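Please look at the sequence and the structure below, and then read the report that follows, which goes through a few features of the packing step by step.

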Amino acid sequence: MPQAQRPQPDALERITEALDALQCGASVVDRSGKMVFINRRLAKMYGRPREQMIGRHIAEMYSDEQVRQQLGRMLEHFDDEVEGEFIIERADGSHLPIATAARPLRDDGAGLDLRIVTMIDVTRLKEMSDEVNRLNDMVIAQALDLKRHSEVLEQKVRERTAELREANMASIYMLAVASEARDEDTGAHVRRLQRYAQAVAERMGLPATEAEEIGYSAILHDVGKIHVPDAVLKKPGKLTDTEREQMQRHTVIGEAIIADDAFFAMSRQIARHHHENWDGSGYPDGLTGDTIELPARIVHVVDVFDALVSPRVYKDPWPPDRAIDAIRHGAGTQFDPAVVEAFVALCKAGEIKRIADELA
Ligand SMILES: [Fe+2]
């Protein structure tokens, strides 16, 4: 063999000294698979004295035939750089998971035909990864449990909210009907108002939930009439100034009667301001334009319309067309023109008549 092809002891020695200083396992293997060098760390990982390993074929360290074949295949790629995972079979028969990297040992001029293999014990990493997976599974299971639990709770809350809302609505109707019955024959007026107001709000482009709120908040608009004497409420003729003042007080009384909480906030606005006029000539505050809350401006229009087409002690019902003309005529003075426009459009579309017929 030419001199250049023989391993130079100096070169190998330098390498093995360096390998011994490594914190990971390392071995040097020749092309036949014989272990030329084992560092201290790797001997410890195998659980054997390195003297017992150096000079032996790497496959001799393994009892499993499949592993031996695998090692044989690896040796066929002697000149390639490879990385992977592997299991070391230790002297006591236990196994050690490792991450391995191997590459040909090139040392210019030294003629080394060897391969250096490093091995890192990944037992702890495996354990950590198993633990992380276990925790992950546990967290996922808990999250699913929590989700199921919260869905059940949400459903219960939805049911309870619906029940409370039903109860609230029933109370509102009862109160409205109780106050209404004194100058109306039935509570139909408030039910029509609810639907008209909701329809106008929707027509004006308000979100469905807001339109619905305007609808149910309209129901109590005249609840303050409960405090107006019958003699005034049912007087067929013209009211005196004092009587008119008494009648007009149903707005502020209504606001005072309605509970001061969020659910009724809009009802209170409507009760107080549903007789305010766009041009400031209304009562009780003489507000103008859009300083009057939109729900109150809507209720003002539909309330007057419904009063006009209904019989009263002092007048016969007006035909709808005449009432619509009167509403249109009041746009910009008594009513918000935008509300009138939406209301008239609903009338033309037959929507107001449809609601009235449905509730008749
Ligand atoms: Fe009123």
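Which residues of helix α10 are buried? In this model, which is a predicted one, helix α10 spans residues 250-257, and its buried residues are His250, Thr251, Ile253, Gly254 and Glu255. These buried residues pack against α9 (241-248) and against α11 (265-273).

Helix α11 also belongs to a wider picture, since it is one of the helices that each supply at least two residues to the largest nonpolar core. That core has 39 residues, and those with the most contacts inside it are Ala197, Val200, Ile298, Val301, Val302 and Phe343. Among the other contributing helices are α5 (123-180), α12 (294-309) and α14 (337-348), while α6 gives the most, with seven residues. As a general background, nonpolar side chains tend to be buried together in soluble globular proteins. A second, separate core of 20 residues includes Met35, Phe37, Tyr46 and Ile58.

Val301 touches Ile327, Phe335, Val339, Val340 and Phe343, when residues up to four places away in sequence are not counted. Val301 also takes part in the contact of α12 with α13, two helices whose axes come within 9 Å and cross at roughly 145°, in a right-handed crossing. The table lists the residues that make this contact.

| Helix | Residues in the contact |
|---|---|
| α12 | Val301, Val304, Phe305, Leu308, Val309 |
| α13 | Pro320, Ala323, Ala326, Ile327 |

Sorted by class, the contact of α12 with α13 has nine nonpolar residues, no polar residues and no charged residues.

Definitions and conventions. Residues are numbered from 1 along each chain as its sequence is written. This is a predicted model: local features need pLDDT of at least 70, side-chain atom pairs count only at pLDDT 80 or more; totals for chains, interfaces and linings use all residues. A residue is buried if 20 or more other C-beta atoms lie within 10 Å of its own, exposed if 12 or fewer, and partly exposed in between; C-beta atoms are placed from the backbone. Helices (H or I, at least four residues) and strands (E, at least two) are DSSP runs, numbered from the N terminus. Two residues are in contact if their C-beta atoms, placed from the backbone, lie within 7 Å. A nonpolar core is a set of buried Ala, Val, Leu, Ile, Met, Phe, Trp, Tyr and Cys residues joined through C-beta atoms within 7 Å. Axes are lines fitted to C-alpha atoms, for helices over the stretch in contact, and angles run from 0 to 180 degrees between N-to-C directions. A crossing is left-handed if the near helix is turned anticlockwise from the far one by less than a right angle, and right-handed if clockwise. Ala, Val, Leu, Ile, Met, Phe, Trp, Tyr, Cys and Pro count as nonpolar, Asp, Glu, Lys and Arg as charged, and the others, Gly among them, as polar.
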